[in-house]
Amino acid sequence: MTGMTTVVERLRGDRPVFSVEFFPPRDAADEAVLWRSIRELEAFDPAYMSITYGAGGSSRDGTIRSIARVATETTLVPMAHLTAVNHSVAELRNVIGWYAAVGVRNVLALRGDPPGDPYGEWVPHPEGLNYAEELVTLVRSLGDFCVGVSAFPYGHPRSPDLDTDTTYLVRKLRAGADFAIAQLFFEAEDFLRLRDRVAGAGCDALLIPGVMPLTTPRTLHKTIELSGASAPDRLLRRLEPLAGDPRAFRAEGLDVVTELCERLIAEGVPDLHFYTFNRSKATRELVTRLGLLPARA
Ligand SMILES: Cc1cc2nc3c(=O)[nH]c(=O)nc-3n(C[C@H](O)[C@H](O)[C@H](O)COP(=O)(O)OP(=O)(O)OC[C@H]3O[C@@H](n4cnc5c(N)ncnc54)[C@H](O)[C@@H]3O)c2cc1C
């Protein structure tokens, strides 16, 4: 069962691979779009696919339902995200139990943000957890899971400085995580500096860059928002003048991302993790250009 393959096993080859991230569908129409994309990408043999974990009950059910279907009906290696938001430890144990029961062996363990306002005050569930590190420990204690965590090239927005950020990142990796996926960033150097900080702290965990295909002004704004940094002028000068011309923006945006990925591949990253927004076309185009396809695709 591919569901039982670990992410780390899929990254052991001698060439870089790619992986894809989706979010849970909100309704039946969304679900059809998601499944079309999953099937289209399945033919490209990504190393693994992941589904994010939302703040509310129906979205959370959607993650569990979709990841179960991926594990049972596709050849893909599934990874389920999980956050500590509004969950008691008993509930978290339950969700992890569900993941295991449907054949999911890979979990991305996250603290999550306060629902509604990501920058609002973090209030832990009275019987819950405070930091991703504790969730890593919990997941590992419940079975033979391969566990990933998040990392932030510019530091997590709540971290007072990069040294503190690195200290806690390394702590959660040492708590039992096998790899970290980096939040979006703009220049290869921004990711490489994060990798150097982690290596400098004596930690050799795998670090995976997150990549957003810049197909529209909306994806550019989302990248700026998620990265927590301002976009470099060099990038804005290339893309902003094209905001009124969707075709030209998409072409230039995919060139920008191809150049970034080429640099990351040259620097030896094991995997490029694409945010798909539940669409497959841009990711298919990028991995084809980058030569990341297996022979059978
Ligand atoms: C690849 C990726 C996937 C994501 N997927 C999802 C998703 O599916 N669903 C979702 O809701 N969100 C998701 N997020 C967003 C994430 O939940 C938020 O960024 C959240 O604010 C941080 O989660 P974390 O796991 O990094 O937290 P933590 O690692 O717990 O860190 C949070 C903050 O606390 C600090 N800290 C950590 N440990 C300690 C300690 N012991 N003492 C003091 N300070 C400490 C850290 O330095 C950091 O500033 C994702 C982010 C990334 C990069």
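Where is asparagine 86 found? In this predicted model, asparagine 86 sits in the loop between E3 and helix H4 (89–101). Asparagine 86 is partly exposed, because 17 other C-beta atoms lie within 10 Å, whereas 20 or more would make a residue buried and 12 or fewer exposed. Along the chain, asparagine 86 and glycine 128 are 42 residues apart. Their C-alpha atoms are separated by 7.5 Å.

The strands form an open sheet of 9 members with parallel pairing. Their order is E7-E6-E5-E4-E3-E2-E1-E9-E8. Strand E7 (206–208) and E8 stand at the edges. Each has a single partner strand, so one side of each lacks a neighbour in the sheet. Strands of a sheet pair through backbone hydrogen bonds, either parallel or antiparallel. E4 and E5 run parallel and are joined by 3 bridges. Here leucine 108 stands opposite glycine 148 in E5.

Strand E9 (residues 271–275) is mostly covered, with 5 of its 5 residues buried. Asp271, His273 and Tyr275 point one way from E9. Leu272 and Phe274 point the other way. In a regular strand the side chains alternate between the two faces of the sheet. E9 pairs in the parallel sense with strand E1 (residues 17–22), over 5 bridges. Leucine 272 in E9 is the bridge partner of phenylalanine 18. Strand E8 (residues 210–211) also runs parallel to E9, through 2 bridges. Valine 211 stands opposite phenylalanine 274 in E9.

The largest nonpolar core has 79 residues. Val107, Ala109, Leu135 and Ala180 have the most contacts inside this core. H5 provides the largest share of the core, 5 residues. In soluble globular proteins, nonpolar side chains tend to be buried together. The buried residues of H5 are Ala132, Glu133, Leu135, Val136, Leu138 and Val139. These buried residues pack against E3, H4, E4, strand E5 (146–151) and H6. Leaving aside neighbours within four places in sequence, leucine 135 is in contact with Leu82, Ala84, Leu92, Ala109 and Leu129.

The shell around the ligand draws on both strands and helices. Strand E3 (78–83), strand E4 (106–110), helix H5 (132–141) and helix H6 (162–174) each supply at least two residues. H6 gives the most, with 3 residues. There are 22 residues around the ligand. Of these, Thr52, His81, Arg111, Ala132 and Ser150 come nearest. By class, the shell divides into 7 nonpolar, 9 polar and 6 charged residues. Ala132 is also one of the buried residues of H5.

Helix H7 (residues 188–200) includes aspartate 190. H7 lies across E5, strand E6 (179–182) and E7. The helix runs at about 160° to E7. Aspartate 190 is partly exposed, because its 17 other C-beta atoms within 10 Å fall between the limits of 12 or fewer for exposed and 20 or more for buried. Leaving aside neighbours within four places in sequence, aspartate 190 is in contact with Pro153, Tyr154 and Phe185. Aspartate 190 and aspartate 245 are 55 residues apart in sequence. In space they are 29 Å apart, C-alpha to C-alpha.

Definitions and conventions: Residues are numbered from 1 along each chain as its sequence is written. This is a predicted model: local features need pLDDT of at least 70, side-chain atom pairs count only at pLDDT 80 or more; totals for chains, interfaces and linings use all residues. A residue is near a molecule or strand if its C-beta atom, placed from the backbone, lies within 6 Å of it. Helices (H or I, at least four residues) and strands (E, at least two) are DSSP runs, numbered from the N terminus. Ala, Val, Leu, Ile, Met, Phe, Trp, Tyr, Cys and Pro count as nonpolar, Asp, Glu, Lys and Arg as charged, and the others, Gly among them, as polar. Two strands pair if DSSP finds at least two bridges between them. A nonpolar core is a set of buried Ala, Val, Leu, Ile, Met, Phe, Trp, Tyr and Cys residues joined through C-beta atoms within 7 Å. Two residues are in contact if their C-beta atoms, placed from the backbone, lie within 7 Å. Axes are lines fitted to C-alpha atoms, for helices over the stretch in contact, and angles run from 0 to 180 degrees between N-to-C directions.
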